[in-house]
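Colleague: I'm new to this one and would like a close look at a single part rather than a full tour. Please pick a spot, start there and work outwards.

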Amino acid sequence: MQEKYITVAQLTRYIKFKIDNDQHLNHIFLKGEISNFKAHTRGHYYFTLKDETSRINAVMFASSASKLKFMPEDGMRVLITGRISVYEATGGYQIYVEDLVEDGIGNLYIQYEKLKRKLELEGLFDPSHKRKIPRFPSKIGIVTAPTGAAIRDILSTLKRRWPIAEAILFPSLVQGASAASEIVRQIEKAQEFDIDLLIVGRGGGSIEDMWCFNDEEVARVIYNCKVPTISAVGHEIDFTIADFVADLRAPTPTGAAEMAVPNVSDFNNYFNQMKLRLMQNMSYKMDTYYKKLDKIQNSYILKNPIAIYEVKEQKFDALFEKMNFIMTTKIQNYQNTYEFLFHNLNSLIQNQLEKLTTRYLNTLNKLEILNPLLTIKRGYSIVKKNNQVLTSVKRIKKDDTITINVTDGEIDAVVLNIKEEI
């Protein structure tokens with residue numbers, strides 16, 4: 001029965017799970033008034049954010065609070081970026097603050113955060129897309145206002161550090177309603193020139209003054225720029241969308257020029273060090289090769305070249321004798337084998353002839369015994385009728401002509417009388 005009841009902790013954990021997995025509450029923007037503000041000794045901020053009808057507890061941990069440029073206080077109207085979650089100990093939901101700014105520039109800041117998040121999700125800030133700044137650029141494009149401290153600082157720094165580089169100014173508005181489109185046009189124009197590097201930026205100012213560098217079109221044209229780009233907008237504490245999409249972010253326009261080119265004096269020192277190292281390496285290589293050459297020149301073989309021939313000649317004699325021995329042995333073995341086989345063949349042939357002769361004589365004797373001529377020599381004769389031997393009187397009759405074969409001829413006779421043996 002009690003299995004259907006859950007604990008308070010289980011319920012709170014379930015609600016926390018639901019809220020933590022709601023994407024709409026993972027990154028939220030709130031505005032309101034601070035009350036009950038408390039700065040913890042460990043650097044965390046605790047306060048309540050309220051409006052006319054509602055309030056919510058807020059926590060800003062030291063890792064985020066340390067980045068603020070002002071100290072929050074009660075009654076201050078602020079804009080907050082953070083996430084909603086549940087504090088399980090009390091079961092109350094609260095906002096975990098990631099960033100906090102004073103209201104007044106709030107709308108711009110919200111737009112800034114939304115665009116920043118959008119482009120980040122698209123991968124425009126991915127470090128893998130960042131291109132390496134050329135070490136020794138010969139032609140540098142600059143997109144900024146044609147007057148003001150920024151262009152003067154950039155040009156003077158380039159001239160001082162790397163005077164051989166050519167700087168090409170692509171003048172543009174850097175604040176105001178039409179500044180963004182002007183910056184886009186000049187960046188596209190700069191890519192038509194054979195430049196190695198592009199610097200885009202301006203001097204310091206308010207967030208409204210620098211807002212054109214938070215424009216989406218400006219961000220995309222910088223990201224798609226064919227040459228490596230350095231963003232140099234405002235002072236070191238200022239960050240714009242252009243800084244995130246550029247291949248390199250400089251803290252100031254002067255810093256951009258310093259990052260763009262090497263210092264000629266440093267280069268000369270580096271060159272002299274390389275020259276010294278090259279000379280040392282060449283000297284070491286030459287000494288090594290001279291030692292190898294001397295070793296080869298003083299080698300036993302070069303001083304006694306005939307020794308190579310003598311060793312080869314001796315080896316040849318040994319191989320020749322070995323070959324003769326092997327060939328002689330092989331021939332002798334073949335000859336012995338031949339004689340053995342020849343003797344065996346003769347013996348086989350002789351034995352076979354003797355067997356055949358004996359068989360022939362035996363057959364001849366048998367034929368002699370069966371030869372009718374021998375019988376005739378002993379006084380017998382052979383009687384034929386029509387060339388057929390007569391063996392019975394029943395095959396002839398009176399007056400038949402018969403032939404009688406005797407030892408020395410034939411006798412033709414006529415039958416006069418026939419007597420049968422009883």
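**The sheet and what packs on it**

Modeller: Let's start with strands E8 and E9, which run parallel and are joined by five bridges. Keep in mind that this is a predicted model. For a concrete pair to find on screen, take leucine 198, whose bridge partner in E9 is threonine 229.

Now step back to the whole sheet. E8 and E9 belong to an open sheet of five strands, ordered E7-E6-E8-E9-E10, with parallel pairing. At its edges are E7 (166-171) and E10 (248-249); each has a single partner strand, so one side of each has no neighbour in the sheet. Strands in general pair through backbone hydrogen bonds, either parallel or antiparallel.

Next, the helices around these strands. H5 lies across E6, E7 and E8, and runs at about 165° to E6. Then there is H9, which covers residues 253-260 and has Pro253, Gly255, Ala256, Ala257 and Ala260 as its buried residues. What do those buried residues pack against? They pack against strands E6 (139-144), E8 (197-202) and E9 (229-233), and also against helix H5 (149-161).

Follow the chain on from H9 and you get to valine 261, in the loop between H9 and helix H10 (264-297). Is valine 261 buried or exposed? Its relative accessible area is 3%, and the cut-off for buried is under 20%, so valine 261 counts as buried. Leaving out residues up to four places away in sequence, valine 261 touches Pro137, Ile140, Leu158, Arg161 and Trp162. Have a look at the last of those: valine 261 and tryptophan 162 are 99 residues apart in sequence, yet 6.2 Å apart in space, C-alpha to C-alpha.

Before you go, turn to the largest pocket, which has a volume of about 1,100 Å³. Of its 31 lining residues, the closest to the centre are Lys69, Asp99, Val101, Tyr109 and Tyr112. Helix H3 (62-65), strand E5 (92-102) and helix H4 (106-122) are the elements that each give two or more residues to this lining, and H4 gives the most, with six. By type, the lining divides into 13 nonpolar, eight polar and 10 charged residues.

One last residue to click on is serine 64, in helix H3. Serine 64 counts as buried because its relative accessibility is 16%. Its contacts, leaving aside neighbours within four places in sequence, are Val97 and Glu98.

Note on methods:
Residues are numbered from 1 along each chain as its sequence is written. This is a predicted model: local features need pLDDT of at least 70, side-chain atom pairs count only at pLDDT 80 or more; totals for chains, interfaces and linings use all residues. Side-chain values use heavy atoms; hydrogens and water are left out. On a 1 Å grid over the protein atoms alone, a cavity is a set of points where a 1.4 Å probe fits but cannot get out, and a pocket is an open set with protein on both sides within 12 Å along at least five of seven lines; lining residues have an atom within 4 Å of a point. Grid points are joined across faces, edges and corners, and a volume is the space filled by probe spheres set on the points. Helices (H or I, at least four residues) and strands (E, at least two) are DSSP runs, numbered from the N terminus. Ala, Val, Leu, Ile, Met, Phe, Trp, Tyr, Cys and Pro count as nonpolar, Asp, Glu, Lys and Arg as charged, and the others, Gly among them, as polar. Buried means under 20% relative accessible area, exposed over 50%, partly exposed in between (1.4 Å probe, protein chains only). Contact means heavy atoms within 4.5 Å. Two strands pair if DSSP finds at least two bridges between them. Axes are lines fitted to C-alpha atoms, for helices over the stretch in contact, and angles run from 0 to 180 degrees between N-to-C directions.
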